[in-house]
Amino acid sequence: MWLALIIGNSRLHWGLFDGKTLCHTYDTERLSKSFVYYLSKCQRLSEVQEILSSSPHTPRQSLFVGNQQDRADSPTTPSFPLLLASVVPSQTALWLTYPNVRVVTLEDIPLQGMYPTLGIDRALALWGAGKTWGFPMLVIDAGTALTFTGADANQNLFGGAILPGLGLQMATLAENTGQLPNVELPHDLPQRFAVNTQQAIQSGVIYTLLAGIKDFVEAWWQSFPQGKIAITGGDRTLLAKYLQSLFPEIAKRLIVEPNLIFWGMEKTQNAQFFHNS
Ligand SMILES: Nc1ncnc2c1ncn2[C@@H]1O[C@H](COP(=O)(O)OP(=O)(O)O)[C@@H](O)[C@H]1O
Ligand SMILES: CC(C)(COP(=O)(O)O)[C@@H](O)C(=O)NCCC(=O)O
Ligand SMILES: [K+]
């Protein structure tokens, strides 16, 4: 068993693997240094599962009472292997205190033509999607930031784009204006021409984002008529639903998949190391 951890800009994403099989996923808030320590002391799968699914993530001392001393001193109790991919350097530093950790870097991903500052989450999601469904592949990651990241049939980075994600667009309006409230995203596509403030914000953010996605997707298909498109990230389901209502011909060709980055991590040599250890 091994753990995959993706540190995004909003939260942490956890995957619990049995070899190549992804058994469980968890999303957590950012965690404390003592959490890192407790996780490193977990011996049984049930302990890992309990502390990752507890909320808030303050591990109960009682979980470890009894044989904690043995564990601290024994060299024969290694921690669960942890494969880490992070786009938040301060958080990477915290998780490097975990004893059995390996960090995925761009060098571990066999895509060609990557630029040095490309986000590891983008490269992994693209690698995971392309290896699973084939290249050319365009990944839309609807997370804190919304990114497009494409690779051609030769697994060469074609390029992409970065813009504020849905949540960030809404939050920025509320934070930087005197009269705009914090507004939730609606479950269904709102009416375009709104007659109140809340719906006007929803309409503006959603319809311009959908138009932008359509434009990128059409440009992608112009370059790669048979090119595939996968969407991931915390807002993927909502966006796929809006697209289904507004542009069903695009929605029909979208692969909606929450775990692209985990698939990418599993398909690196680093994971191979854990399979063999
Ligand atoms: N339980 C949740 N907590 C936080 N964000 C959520 C949640 N469910 C959906 N979201 C949406 O997911 C987006 C963040 O996506 P995510 O992929 O988790 O971000 P990141 O990987 O960048 O940390 C936010 O814009 C938010 O709208
Ligand atoms: C674009 C991102 C902020 C997306 O982060 P996320 O929304 O997944 O938290 C991240 O991939 C990143 O920091 N990229 C580095 C710049 C680049 O990819 O060109
Ligand atoms: K993202």
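**Figure 1. The shell around ligand 1, by residue class.** The shell around ligand 1 holds no nonpolar residues, 9 polar residues and 2 charged residues. The model shown is predicted. Gly 8, Asn 9, Ser 10, Arg 11 and His 13 are among the residues that surround ligand 1. Gly 143, Thr 144 and Gly 167 also belong to this set. Gly 233, Gly 234 and Asp 235 complete the list. Glycine counts as polar in this tally. Arg and Asp count as charged.

**Figure 2. Ligand 1 and the two domains.** Two domains contribute to the shell around ligand 1. Domain 1 spans 2–103, and domain 2 spans 111–262. Each of them supplies at least three residues to the shell. Ligand 1 sits in the largest pocket.

**Figure 3. Side-chain polar contacts of ligand 1.** Three side chains are picked out here, those of His 13, Thr 144 and Asp 235. In His 13, a polar side-chain atom lies 2.8 Å from an oxygen atom of ligand 1. For Thr 144, the distance from a polar side-chain atom to an oxygen atom of the ligand is 2.6 Å. An N or O atom in the side chain of Asp 235 is 2.7 Å from an oxygen atom of ligand 1. On its own, ligand 1 has 570 Å² of accessible area, and the protein covers 63% of it.

**Figure 4. The surroundings of ligand 2.** Ligand 2 is surrounded by 13 residues. The closest are Tyr 115, Gly 119, Asp 121, Arg 122 and Ala 145. Ligand 2 sits in the largest pocket, and ligand 1 sits in the largest pocket too.

**Figure 5. Side-chain polar contacts of ligand 2.** Asn 9, Tyr 115 and Asp 121 each place a side-chain N or O atom by an oxygen atom of ligand 2. For Asn 9 the distance is 2.8 Å. For Tyr 115 it is 2.5 Å. For Asp 121 it is 2.6 Å. Taken alone, ligand 2 exposes 460 Å², of which the protein buries 79%. Asn 9 also appears among the residues that surround ligand 1. Tyr 115 and Asp 121 are listed among the closest residues to ligand 2.

**Figure 6. Confidence of the model.** The protein chain has a mean pLDDT of 93. A pLDDT of 70 or more is reached by 93% of its residues. The model scores ipTM 0.98 and pTM 0.95. Where pLDDT is low, the predicted coordinates should not be read in detail.

Note on methods: Residues numbered from 1 in each chain as written. Chains lettered and ligands numbered in written order. Predicted model: local features only at pLDDT ≥ 70, side-chain atom pairs only at ≥ 80, totals over all residues. Heavy atoms only, no water. pLDDT = per-residue confidence, 0-100. Near = heavy atom within 4 Å. Polar contact = N/O pair within 3.5 Å; in protein donor to acceptor, adjacent residues only side chain to side chain. Areas by Shrake-Rupley, 256 points an atom, 1.4 Å probe, with all protein chains shown as cover. 1 Å grid on protein atoms, 1.4 Å probe; cavity = no way out; pocket = protein on both sides within 12 Å on 5 of 7 lines; lining within 4 Å. Sits in = over half its atoms within 2 Å of the grid points. Domains from an automatic or database assignment.
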